[in-house]
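Here is a short tour of a multi-chain model. Keep the 3D view open as you read, and turn it as each part comes up.

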Protein chains: 6
Amino acid sequence: MPATRADGRSADQLREVRITRNWLDHAEGSVLVEFGATRVLVAASVTEGVPRWRKGSGLGWVTAEYAMLPRATHSRSDRESVKGRIGGRTHEISRLVGRSLRAVIDYKALGENTIVLDCDVLQADGGTRTASITGAYVALADAVSWLRARGSLAGEPLIGSVAAISVGVIDGEVRLDLPYEEDSRAEVDLNVVATGTGELIEVQGTAEGKPFSRDVLNQLLDLGLAGCADLTRLQQEALAR
Amino acid sequence: MPATRADGRSADQLREVRITRNWLDHAEGSVLVEFGATRVLVAASVTEGVPRWRKGSGLGWVTAEYAMLPRATHSRSDRESVKGRIGGRTHEISRLVGRSLRAVIDYKALGENTIVLDCDVLQADGGTRTASITGAYVALADAVSWLRARGSLAGEPLIGSVAAISVGVIDGEVRLDLPYEEDSRAEVDLNVVATGTGELIEVQGTAEGKPFSRDVLNQLLDLGLAGCADLTRLQQEALAR
Amino acid sequence: MPATRADGRSADQLREVRITRNWLDHAEGSVLVEFGATRVLVAASVTEGVPRWRKGSGLGWVTAEYAMLPRATHSRSDRESVKGRIGGRTHEISRLVGRSLRAVIDYKALGENTIVLDCDVLQADGGTRTASITGAYVALADAVSWLRARGSLAGEPLIGSVAAISVGVIDGEVRLDLPYEEDSRAEVDLNVVATGTGELIEVQGTAEGKPFSRDVLNQLLDLGLAGCADLTRLQQEALAR
Amino acid sequence: MPATRADGRSADQLREVRITRNWLDHAEGSVLVEFGATRVLVAASVTEGVPRWRKGSGLGWVTAEYAMLPRATHSRSDRESVKGRIGGRTHEISRLVGRSLRAVIDYKALGENTIVLDCDVLQADGGTRTASITGAYVALADAVSWLRARGSLAGEPLIGSVAAISVGVIDGEVRLDLPYEEDSRAEVDLNVVATGTGELIEVQGTAEGKPFSRDVLNQLLDLGLAGCADLTRLQQEALAR
Amino acid sequence: MPATRADGRSADQLREVRITRNWLDHAEGSVLVEFGATRVLVAASVTEGVPRWRKGSGLGWVTAEYAMLPRATHSRSDRESVKGRIGGRTHEISRLVGRSLRAVIDYKALGENTIVLDCDVLQADGGTRTASITGAYVALADAVSWLRARGSLAGEPLIGSVAAISVGVIDGEVRLDLPYEEDSRAEVDLNVVATGTGELIEVQGTAEGKPFSRDVLNQLLDLGLAGCADLTRLQQEALAR
Amino acid sequence: MPATRADGRSADQLREVRITRNWLDHAEGSVLVEFGATRVLVAASVTEGVPRWRKGSGLGWVTAEYAMLPRATHSRSDRESVKGRIGGRTHEISRLVGRSLRAVIDYKALGENTIVLDCDVLQADGGTRTASITGAYVALADAVSWLRARGSLAGEPLIGSVAAISVGVIDGEVRLDLPYEEDSRAEVDLNVVATGTGELIEVQGTAEGKPFSRDVLNQLLDLGLAGCADLTRLQQEALAR
């Protein structure tokens with residue numbers, strides 16, 4: 001495909017992706033993940049034990065919380081702590097990230113341990129939820145290694161890897177990894193969460209401007225799955241460092 | 001497909017769907033929509049004017065709120081009003097319903113009027129979000145007619161119809177319109193929101209048990225789009241009454 | 001008395017009252033109660049055990065929560081869940097309903113079980129609190145029967161029945177069972193909660209326009225107690241069906 | 001009636017009532033009102049203007065807020081500010097106090113001014129709501145005088161006076177002005193709010209132990225109205241000082 | 001120093017200080033403390049046991065809550081309970097009062113008992129936080145005596161006394177114990193919390209108008225420590241009565 | 001002084017301080033400030049206009065908000081947004097940062113513009129409030145330059161510079177710039193906020209273990225002011241880059 005995008009990328013090309021492990025000193029796993037100018041700090045926190053409703057089951061638990069710093073965006077947003085309530089978008093993305101990671105977890109092998117993934121967006125330029133998932137997988141893998149090193153596991157809790165990417169239709173063209181400038185005027189917006197072996201964990205497609213056909217959906221899925229495969233490779237490289 | 005389901009339905013069959021219009025006396029549009037034992041009361045409220053951020057634009061607004069009565073479910077849930085906060089699931093579904101209806105609205109034709117769709121689940125047996133969207137379209141159509149009768153419209157605000165249905169993989173079989181018993185043990189869960197002409201508005205698929213293939217996704221989409229077509233017909237019949 | 005009211009009723013006449021039992025599938029007791037256009041869905045939820053402060057006492061507990069759907073009224077109200085707080089009126093009525101039902105409960109016979117009565121107003125046309133109490137008694141009776149059938153009772157927890165009705169002074173005339181149109185311009189407003197044997201459980205009278213005399217109070221009480229007697233009969237008929 | 005009460009009073013006797021005006025320096029009216037050991041500080045705050053929904057009507061507004069200090073009671077209660085929400089009892093009493101005072105206000109004569117009555121219970125020994133109403137009337141009268149002195153009134157806003165007292169059935173005997181020790185074990189509890197001319201503003205009677213007859217209600221009303229007459233005299237004396 | 005202040009005091013002179021013990025009947029210690037027109041009611045509440053995080057340690061706990069009545073100030077403030085959140089200033093002062101008192105407590109001698117100091121400002125005219133601390137020490141001493149009389153102590157929990165005073169620079173002059181009129185236009189504002197033996201517990205100095213020198217700080221500290229010594233004497237006198 | 005500290009520093013030595021400007025793309029000023037392992041991201045957001053209470057005054061406004069990411073600390077803390085309320089410590093530090101910066105602002109020269117300083121602690125190792133103030137000054141200076149470049153200023157709003165440092169008594173020795181390990185066991189803890197010319201803006205000293213003398217306070221102030229002078233130099237170097 002020809003390079004028609006404002007940032008010079010071809011339609012099927014990821015932005016520059018950087019995955020920096022161990023960005024924090026205290027967390028059991030931590031990653032600064034960057035998709036272009038989008039910058040998310042992910043911290044994986046391990047605690048012994050599980051929520052009350054799961055106690056005694058022998059099963060572990062993985063959950064996630066997503067949030068944005070007030071000036072991650074072009075204009076400042078009020079803090080949700082100051083407003084005294086979590087917004088719908090924050091809730092929705094927190095749930096998506098948690099669900100996506102749980103899809104590759106064997107709770108039994110994890111044992112009665114809990115891992116919380118905190119995804120805090122330091123700077124937003126589109127794709128914050130997909131960067132969060134992609135980075136969180138790496139932080140999760142490090143937290144699992146930390147548990148393994150302590151001899152706290154009953155087996156291998158990671159039954160796969162997870163990556164996520166946004167795709168969309170802009171100016172009638174299907175494109176991969178939308179920055180804010182494209183995202184804000186996309187006609188269709190699709191987030192794909194996939195395993196390292198190319199199976200689907202979550203597909204969320206939304207008509208922003210007008211309804212879309214099965215054919216467009218198929219093109220978007222092709223592009224998204226190819227993007228996830230690229231991300232999977234970058235995750236493996238980061239974990240190998 | 002053979003009838004293998006607990007309620008005797010075939011895999012591609014809807015539950016009994018009832019759409020009762022004008023269930024309330026005050027609302028500009030109201031529908032009691034039932035998908036089997038799932039029962040949602042939808043009220044469409046019209047107010048002149050739009051939210052502050054939209055004033056003077058000449059454009060209208062449509063939004064939705066979803067909630068469940070405390071004893072809609074098998075065991076009683078605490079009220080969100082008593083807890084003092086909206087849960088993530090409530091937020092997520094409210095946003096989905098609003099987005100789905102806005103996809104068929106011409107804001108210009110609506111003029112500076114706001115329509116709020118309140119979807120209150122009186123009884124839940126799976127598919128409450130898809131029943132909400134399907135019923136809300138009918139209530140919205142009635143609210144639009146009410147505005148038309150008052151001469152408050154600048155054109156035809158409804159540029160299409162919307163219906164929604166859940167599909168899933170249960171015991172390895174793709175099935176339409178999941179009741180709670182199936183939904184709670186589905187391996188894959190997909191909600192399809194489509195227009196009356198079969199185009200997609202929203203696709204949300206989630207691996208509940210394990211990741212799924214493109215092939216499974218395609219089967220689910222086929223089934224879901226067929227279900228939406230059936231619902232479209234039932235909506236038209238209700239509106240014709 | 002002559003029929004001087006907008007809806008053709010005589011001053012001492014109830015609106016049409018309908019009590020539909022088992023309106024919900026899951027609740028241990030449920031009633032759709034209608035006083036004219038006022039429509040309240042009452043669900044009785046039984047749980048084993050009692051609140052912490054009552055544990056080990058051998059005594060049961062009964063409580064109630066009242067709420068209105070946003071479009072129960074002529075114009076839409078914001079949801080209390082969205083506002084993040086319960087309003088004073090909601091609090092006040094929830095407390096009244098709970099107190100009224102507890103007046104006919106023998107906690108010892110109930111044993112350490114809790115029954116929660118959820119009264120959700122689907123449509124409001126005056127008298128929502130009295131319809132709630134009247135319907136809640138029937139739902140409570142069904143919940144008690146459910147407990148009895150399970151052999152969970154230590155005796156008969158219901159030591160009486162409860163009904164409630166509003167009375168008021170409109171255009172200088174005392175009237176029974178006020179619809180919204182009358183309630184909103186009543187000079188005096190009185191709610192009477194009484195047992196099936198005609199004794200008083202709660203009397204709440206308020207001068208809306210101007211203070212009232214003992215004589216007026218007496219006329220209102222006569223009318224209210226007669227209305228409660230009528231409702232008691234309708235409750236017994238509903239429970240006999 | 002013979003003196004049978006723990007504090008030596010006869011059944012129809014008030015506790016010692018003290019009404020101290022101008023307890024605060026800043027408020028336009030302020031009263032420390034004491035019914036025995038119950039001590040309520042009432043401040044009347046005048047502001048020019050009325051709430052938004054009343055602007056331009058030419059009418060004034062009067063409202064009230066009631067609260068208890070955490071250690072007003074025998075054991076300490078958590079602050080509602082710390083809990084982040086107002087309890088049902090607080091809401092209910094705030095509404096009662098406001099309603100009671102509004103019954104003697106001519107909004108037109110008040111003009112577009114607002115008077116807020118803050119009733120803060122410094123020490124509680126039963127009857128806090130009736131002491132609040134009784135004291136608030138005096139603070140209100142002072143605030144009205146303050147407005148009159150400034151020439152801000154369009155006439156006489158006070159069309160009467162208000163007093164309130166609790167009565168109840170304890171050990172089968174009807175008694176006036178219940179201290180906590182009696183209130184907590186009363187079989188029936190009635191609050192009477194009346195004008196200085198003996199008309200009723202509010203009657204709230206509750207069966208605490210068991211339902212009560214019309215005859216008992218009548219005895220309670222006799223006693224309560226006599227108590228209100230005594231309080232009216234004490235209010236007039238305080239205002240004359 | 002010459003008397004240059006609006007209220008006729010010399011620069012190093014306290015306002016009239018009144019410490020009235022046992023102002024409440026129920027609290028284990030209670031004080032109405034007045035610094036001129038500033039009037040704070042302090043209640044000390046003793047409960048057996050300590051917060052969860054301290055259980056089994058053998059150590060006691062002391063904490064404080066500060067609040068203002070809505071009309072303590074010149075114009076009425078909204079209640080924090082109604083706003084549903086505690087403001088920053090309230091939080092800050094509550095923490096300061098608690099910290100100050102804990103500085104003279106031997107937790108071991110207190111045993112597993114908790115003392116809560118509630119400081120409620122009935123009227124504010126500057127110095128509410130320093131009056132709160134000064135009064136709270138006296139209420140605390142009474143609560144400790146109450147515990148001692150019950151034989152609940154493992155030794156002497158009070159290892160010193162605490163007093164606090166505000167000092168500031170107004171019109172270029174350092175002054176002691178600022179009333180609101182001075183506080184609101186102070187160039188520098190310093191609160192000193194000191195023990196009865198003249199050692200420092202807390203020093204909080206703020207440039208309100210412009211930064212200040214070490215020399216000014218030293219003058220303020222001299223004045224503040226002298227004021228604390230005066231207050232210590234008044235506390236001892238009050239406790240001796 | 002000899003090097004007696006765990007990290008090899010002498011008692012009067014700062015940790016390694018790094019001030020990285022323009023860490024964010026969108027904010028009008030942004031700094032990543034590091035005091036050793038303490039890492040705070042400061043964003044300065046400029047908006048035209050001022051809060052309502054200041055409109056039409058011709059004066060600008062500067063305020064600050066401080067918060068910590070959940071895993072900034074050794075063990076994870078719950079988010080204040082999830083808890084639905086801001087804690088006392090957060091409130092207190094937000095107020096301190098805002099006050100400190102306002103001390104060097106000429107509101108008139110700023111004109112009716114608002115600058116919000118968001119200080120988000122990415123990693124905490126003691127001194128987060130002093131690092132916040134020190135970094136916020138640099139971000140503020142950049143935001144002021146941004147306003148100057150746009151021609152939006154009426155003069156020079158920065159009338160000085162601000163830096164802050166913590167000092168304390170550990171093991172009987174006065175030390176500069178405490179990391180968490182020292183801070184958590186300090187006997188006395190003092191935060192000094194000073195201008196670039198060595199005058200005081202804020203002094204907050206607290207006896208953590210036991211009361212302290214004037215002499216100790218003086219040693220702490222000497223050390224703190226010397227530390228602020230070092231920080232001032234580092235701020236100037238950063239701004240010169």
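## Where chain B meets chain C

In this predicted model, 12 salt bridges are found across the interface of chain B and chain C. One of them pairs the side chains of Arg79(B) and Asp118(C), with N and O 2.7 Å apart. Polar contacts join 22 residue pairs across the interface of chain B and chain C, both partners being at pLDDT 80 or more. If you would like to find the chain B side of this contact by its secondary structure, look at strand E3 (38–48), strand E4 (61–68), helix H1 (80–83) and strand E5 (113–123): each of these supplies at least two residues that touch chain C.

Chain B brings 35 residues to the contact, and chain C brings 35 residues. Together the two chains bury about 2,900 Å², and 52% of that lies on carbon and sulfur atoms. Which three residues of chain B supply more of the area it buries against chain C than any other three? They are His26(B), Arg71(B) and Arg79(B), with 25% of that area. Arg79(B) is thus worth a second look, since its side chain is also in the salt bridge with Asp118(C).

## Two axes through chain B

A turn of 180° with a shift of 0.0 Å along the axis lays chain B on chain C, with an RMSD of 0.0 Å. The C-alpha of chain B nearest this axis belongs to Ser81(B), at 1.8 Å from it. Because 100% of the interface residues of chain B are also interface residues in chain C, the copies meet through the same surface.

Chain B can be superposed on chain A as well, by a rotation of 180° and a shift of 0.0 Å along the axis, at an RMSD of 0.0 Å. These two copies are therefore related as by a two-fold rotation axis. In chain B, Gln204(B) has the C-alpha nearest that axis, 2.2 Å away. For this pair, too, 100% of the interface residues of chain B are interface residues in chain A, so the copies meet through the same surface.

## An enclosed helix in chain B

Is helix H2(B) largely enclosed or largely open? Of its 15 residues, 12 are buried, so the helix is largely enclosed by the rest of the structure. Among the buried residues are His91(B), Glu92(B) and Arg99(B), along with Ile93(B), Leu96(B), Val97(B) and Leu101(B).

Helix H2 of chain B covers residues 88–102, and its length fits too: at 1.5 Å a residue it should span 21 Å, and its end C-alpha atoms are 21 Å apart.

## A buried glutamine in chain F

Gln235(F) sits in helix H6 (residues 214–240) of chain F. Its relative accessibility is 0%, so Gln235(F) counts as buried. The side chain of Gln235(F) comes to 2.8 Å from the backbone oxygen of Val162(F). Leaving aside residues up to four places away in sequence, Gln235(F) touches Ile19(F), Thr134(F), Tyr137(F), Val138(F), Ser161(F), Val162(F) and Ala163(F).

## Two positive phi angles

Most residues other than glycine have a negative phi. Asp177(D), which is not a glycine, has a positive phi of about 55°. Asp177(D) lies in the loop between strand E7 (173–176) and helix H5 (180–183) of chain D, and is buried at 0% relative accessible area.

Asn22(F) also has a positive phi, near 55°. Its place is the loop between strand E1 (17–21) and strand E2 (29–35) of chain F. With a relative accessible area of 54%, Asn22(F) is exposed, whereas Asp177(D) is buried.

Conventions: Residues numbered from 1 in each chain as written. Chains lettered and ligands numbered in written order. Predicted model: local features only at pLDDT ≥ 70, side-chain atom pairs only at ≥ 80, totals over all residues. Heavy atoms only, no water. Helix = DSSP H or I, 4+ residues; strand = E, 2+ residues; numbered from the N terminus. Expected span 1.5 Å × (residues − 1). Buried < 20%, exposed > 50% of the residue type's maximum accessible area, 1.4 Å probe, protein only. Polar contact = N/O pair within 3.5 Å; in protein donor to acceptor, adjacent residues only side chain to side chain. Contact = heavy atoms within 4.5 Å. Least-squares fit on C-alpha atoms with pLDDT ≥ 70 in both. Buried area = accessible area lost by both parts, 1.4 Å probe. Salt bridge = Lys/Arg side-chain N within 4 Å of Asp/Glu carboxyl O.
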